[in-house]
Amino acid sequence: PAGTDNIPAGQRPNMYDPSLKVPTIVRWPNKIKAGSVNSSTMPNLDWFPTLVSIAKGKISDDNIIRGKDFTPALLDENLILSTDYYAAYSTLHQSVTQMRMYSNGKYKLVKDFKNQGRDEFYDLINDPDETTNLIAKKHLPAYANIVAELETKLLNKMRETGDPVLAQLGN
């Protein structure tokens, strides 16, 4: 793509699913059925409480735990604990961005708070490869409610995590 003030020509900072989502294989003989698949989305923060639970350990009350135990989803492939996921990606080197993303597993909203005109919205069911950005005005009316819902969730997640970008926006 052409360059801008913040992004040199040929660079494309992105938040596509292959950059964000990491498939995980878990082997736990006599606990997890071989070949089972659970479609829950599990953030990295959930690994600590999950592994402590599996080890039958105890987390000190002094620790701040931001994740949750996903053991029930590991043990039951039909139990979907969450399909939502959030990511933050700020670049301060060659490209300068403040990208934030929220997805409910069916739709994804990406906002770049540093660069106007770089927001993205995808229908992941009909476009799992994220090839058609639906944020364009001609597509948006059909998805306006979904975009508004995802934007609310994105901003709430930014508040919950104390994202410094919000302070820059005056929120």
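## Reading a predicted fold, feature by feature

Mentor: Let's start with one residue: Asn 30 is exposed, with a relative accessible area of 82%. Keep in mind as we go that this is a predicted model.

Trainee: Happy to start there. Where does Asn 30 lie?

Mentor: Asn 30 belongs to the loop between α1 (17–20) and α2. Its backbone deserves a look too: the phi of Asn 30 is positive, about 65°, although the residue is not a glycine.

Trainee: Which residue with a positive phi follows α2?

Mentor: That is Lys 56, with a phi near 60°. Lys 56 is not a glycine either, and you will find it in the loop between α2 and α3. Is it buried or exposed? The cut-off for exposed is over 50%, so Lys 56, at 72% relative accessibility, counts as exposed.

Trainee: Let's move into helix α2 itself. Which residues of α2 are buried?

Mentor: Pro 49, Thr 50 and Val 52 are buried in α2. They sit on the same side of the helix, because they cover an arc of only 165° around the axis. Part of what covers these buried residues is α3 (71–75).

Trainee: And how should I read Ser 53, which is in helix α2?

Mentor: Ser 53 is an in-between case: with a relative accessible area of 28%, it is partly exposed. The word "buried" is kept for values under 20%, so 28% does not qualify for Ser 53. Setting aside neighbours within four places in sequence, Ser 53 is in contact with Asp 69 and Thr 71. Take Thr 71: 18 residues separate it from Ser 53 in sequence, yet their C-alpha atoms are 7.2 Å apart in space.

Trainee: Now the sheet. What holds strands together in general?

Mentor: Strands of a sheet pair through backbone hydrogen bonds, and the pairing can be parallel or antiparallel. In this structure, 4 strands form an open sheet in the order β1-β2-β3-β4, with antiparallel pairing. β1 and β4 are the edge strands, each pairing on one side only. From one strand to the next, the twist averages 10°.

Trainee: How many bridges join β1 and β2?

Mentor: Strand β1 (residues 85–92) and strand β2 (residues 96–103) are joined by 8 bridges, in the antiparallel sense. Together they make a hairpin, with 3 residues between the two strands. To trace the register on your screen, find Thr 91, which stands opposite Thr 97 in β2.

Trainee: What about β3 and β4: how many bridges do they have?

Mentor: β3 and β4 pair over 4 bridges, again in the antiparallel sense. A handy marker here is Lys 108, standing opposite Tyr 122 in β4.

Trainee: Which residues does Arg 118 touch?

Mentor: First place it: Arg 118 lies in the loop between β3 (107–112) and β4 (120–123). Leaving out residues up to four places away in sequence, Arg 118 touches Ile 7, Arg 12, Pro 13, Thr 97, Met 99 and Asp 112. With Pro 13 there is a polar contact as well: a polar atom of the Arg 118 side chain lies 2.9 Å from the backbone oxygen of Pro 13.

Trainee: Is Arg 118 buried or exposed?

Mentor: Arg 118 counts as buried, because its relative accessibility is 15%.

Trainee: Which helix lies across the sheet strands?

Mentor: Helix α4 (residues 140–160) lies across β1, β2, β3 and β4, and runs at about 60° to β3.

Trainee: How many aromatic pairs are there, and how do I read one?

Mentor: The structure holds 4 aromatic pairs. To read one, look at the distance between ring centres and the angle between planes. Tyr 107 and Tyr 143 are 6.0 Å apart, centre to centre, with 65° between the planes. An angle over 60 degrees counts as edge-to-face, so this pair is edge-to-face. The pair links distant parts of the chain, since Tyr 107 is in strand β3 and Tyr 143 is in helix α4, 36 residues apart.

Trainee: Are those two rings' residues buried or exposed?

Mentor: Tyr 107 is buried, with a relative accessible area of 18%, and Tyr 143 is buried with 18% as well. There is a cluster to look for too: ring pairs link Tyr 107, Phe 121 and Tyr 143.

Methods. Residues are numbered from 1 along each chain as its sequence is written. This is a predicted model: local features need pLDDT of at least 70, side-chain atom pairs count only at pLDDT 80 or more; totals for chains, interfaces and linings use all residues. Side-chain values use heavy atoms; hydrogens and water are left out. Two strands pair if DSSP finds at least two bridges between them. Buried means under 20% relative accessible area, exposed over 50%, partly exposed in between (1.4 Å probe, protein chains only). A polar contact is a pair of N or O atoms within 3.5 Å; within protein, one must be able to donate a hydrogen and the other to accept it, and residues adjacent in sequence count only if both atoms are side-chain atoms. Contact means heavy atoms within 4.5 Å. Axes are lines fitted to C-alpha atoms, for helices over the stretch in contact, and angles run from 0 to 180 degrees between N-to-C directions. Rings of Phe, Tyr and Trp (its six-membered ring) pair if their centres lie within 6.5 Å; planes under 30 degrees apart count as stacked, over 60 as edge-to-face and the rest as tilted. The arc is that of the directions from the helix axis to the C-beta atoms.
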